[in-house]
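Q: Can you walk me through this one? I'd like to start with the charged pairs.

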2 protein chains.
Amino acid sequence: MNGSGELGERERRAWYAFLTMQEDLRRHMNRQLLQDTGLSLADYAVLSTLWMQDDNTLRVYELRERLRWEKTRLTHQISRMVTRGQVERNPCADDPRGQQVALTPAGHEAITKAVPLHIEYVRRVFLDVVTPRQLDTLAVLSEAVLDNLGTGEDPADT
Amino acid sequence: MNGSGELGERERRAWYAFLTMQEDLRRHMNRQLLQDTGLSLADYAVLSTLWMQDDNTLRVYELRERLRWEKTRLTHQISRMVTRGQVERNPCADDPRGQQVALTPAGHEAITKAVPLHIEYVRRVFLDVVTPRQLDTLAVLSEAVLDNLGTGEDPADT
DNA sequence: CCTTCTTGGGTGACACATCACCCATCGACC
DNA sequence: GGTCGATGGGTGATGTGTCACCCAAGAAGG
């Protein structure tokens, strides 16, 4: 029922709640992270991904795949992080056009401090107020939406 | 179990799926909206809120409450939209410091075209792949997280 | 060898979001 | 009437995300 044109009350409520929650949460999370650790969410994403690597290093395109970011976004982000001394760019041995991105000592220290704080934060503001059953539903739902998004055409940049 | 420090597999999966979905969805949604209607998500939020008003007009602070935005964000957004001719600022009759924000004819036309397209889009990429039960769970979950967020201290700007 | 396509990466301009800070007016209290 | 905090709104700088576009080095085919 109500196949198009407008949203039913049930749908409207859920969509609005989700949108609002998601925005507020991201804003709140970013602020908290910035205050506690001096890192933005974008910094955190990049640093923690490198950090999980044995040698704290990744090719740019590998980093891009793990983060699911677009080219330009990552390029700009890396450039900013280089000026802040969090990561460094190194030429790639086996591919002349390739670039390696590596954690600097400063970046390593920053992310090492930030991770436990951030995990504790996520638990406090999110995981602690969600039941396990809700959590599972959210996971299934999220994966379904992601799958469905992938079905469309890609913007050819990624 | 696993009270802190690290996330369990169940938690990690759900959190990651949610984060990824939310980011991808917002990006995808913004791009779609921009292509189909020339409006950004921020534009859409402002315009549709004004549009729902009888006189297509709101005080800035009322707009702020409905959108749950911060002061500066809305001020800047309105300024940009004024230069684009989507809305206009008018002095407020009863309060010398107040400002009224009103839809321009161009803004009205844009949002009138955009709303059905956007609703149809939301249905296609989101609502259609989520079961009613999942949707209800999402609503409850979102409202719980929102509630919990509000419990902390506010940054005094809002 | 020479074109042509793809891939890895980058740049500059611009929209958006946040921070620190400012100004004017209202309202309350003395 | 004068001070003072709260309220409504704004500015400038900086960080972040996206778009359009560019360049160099492989890869594929003739």
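**Salt bridges, DNA and the chain contact**

A: Sure: over all chains the structure holds 26 salt bridges, a salt bridge being a side-chain nitrogen of Lys or Arg within 4 Å of a carboxyl oxygen of Asp or Glu. This is a predicted model, where local features need pLDDT of at least 70 and side-chain atom pairs count only at pLDDT 80 or more, while totals for chains, interfaces and linings use all residues. Residues are numbered from 1 along each chain as its sequence is written, chains are lettered from A and ligands numbered from 1 in the order in which they are written, and side-chain values use heavy atoms, with hydrogens and water left out.

Q: What does Arg10(A) pair with?

A: Arg10(A) forms a salt bridge with Asp136(B), with 2.6 Å between the closest N and O atoms. Arg10(A) sits in helix H1 (residues 9-37) of chain A and Asp136(B) in helix H6 (residues 132-151) of chain B, so this pair joins two chains. Helices here are DSSP runs (H or I, at least four residues), numbered from the N terminus.

Q: Is Arg10(A) buried or exposed?

A: In between: Arg10(A) counts as partly exposed at 47% relative accessibility. Buried means under 20% relative accessible area and exposed over 50%, with partly exposed in between (1.4 Å probe, protein chains only). Asp136(B) is partly exposed too, with a relative accessible area of 27%.

Q: And what does Asp136(A) meet?

A: Asp136(A) meets Arg10(B) in a salt bridge, 2.6 Å from N to O. Asp136(A) is in helix H6 (residues 132-150) of chain A and Arg10(B) in helix H1 (residues 9-37) of chain B, so that pair joins two chains as well.

Q: Which residues are linked in a network of salt bridges?

A: Asp24(A), Arg27(A), Arg31(A), Arg68(B) and Glu70(B) are linked that way. Arg68(B) and Asp24(A) meet at 2.2 Å, N to O.

Q: OK, switching to the DNA. How many residues surround DNA strand C?

A: 25 residues surround DNA strand C, and the closest are Thr72(A), His76(A), Arg97(A), Ser40(B) and Arg84(B). Near means that a heavy atom of the residue lies within 4 Å of the strand. By class, that surface has four nonpolar, nine polar and twelve charged residues. For the classes, Ala, Val, Leu, Ile, Met, Phe, Trp, Tyr, Cys and Pro count as nonpolar, Asp, Glu, Lys and Arg as charged, and the others, Gly among them, as polar.

Q: Which part supplies the largest share of the surface near DNA strand C?

A: H4(B), with five residues.

Q: What about atoms at the strand itself?

A: Of the DNA strand C atoms within 4 Å of the protein, 58% belong to sugar or phosphate and the rest to bases. A polar side-chain atom of Lys71(A) is 2.8 Å from a base nitrogen. Side-chain N or O atoms also lie by phosphate oxygens, at 2.8 Å for Arg89(A) and at 2.5 Å for Ser40(B).

Q: Back to the two chains. How many residues does the contact take from chain B and chain A?

A: The contact takes 59 residues from chain B and 59 residues from chain A, where contact means heavy atoms within 4.5 Å.

Q: What area is buried between them?

A: About 5,800 Å², and carbon and sulfur atoms give 64% of that. Buried area is the accessible area (1.4 Å probe) that two parts lose on being put together, summed over both.

Q: How many salt bridges are found across the interface of chain B and chain A?

A: Twelve.

Definitions and conventions. A polar contact is a pair of N or O atoms within 3.5 Å; within protein, one must be able to donate a hydrogen and the other to accept it, and residues adjacent in sequence count only if both atoms are side-chain atoms.
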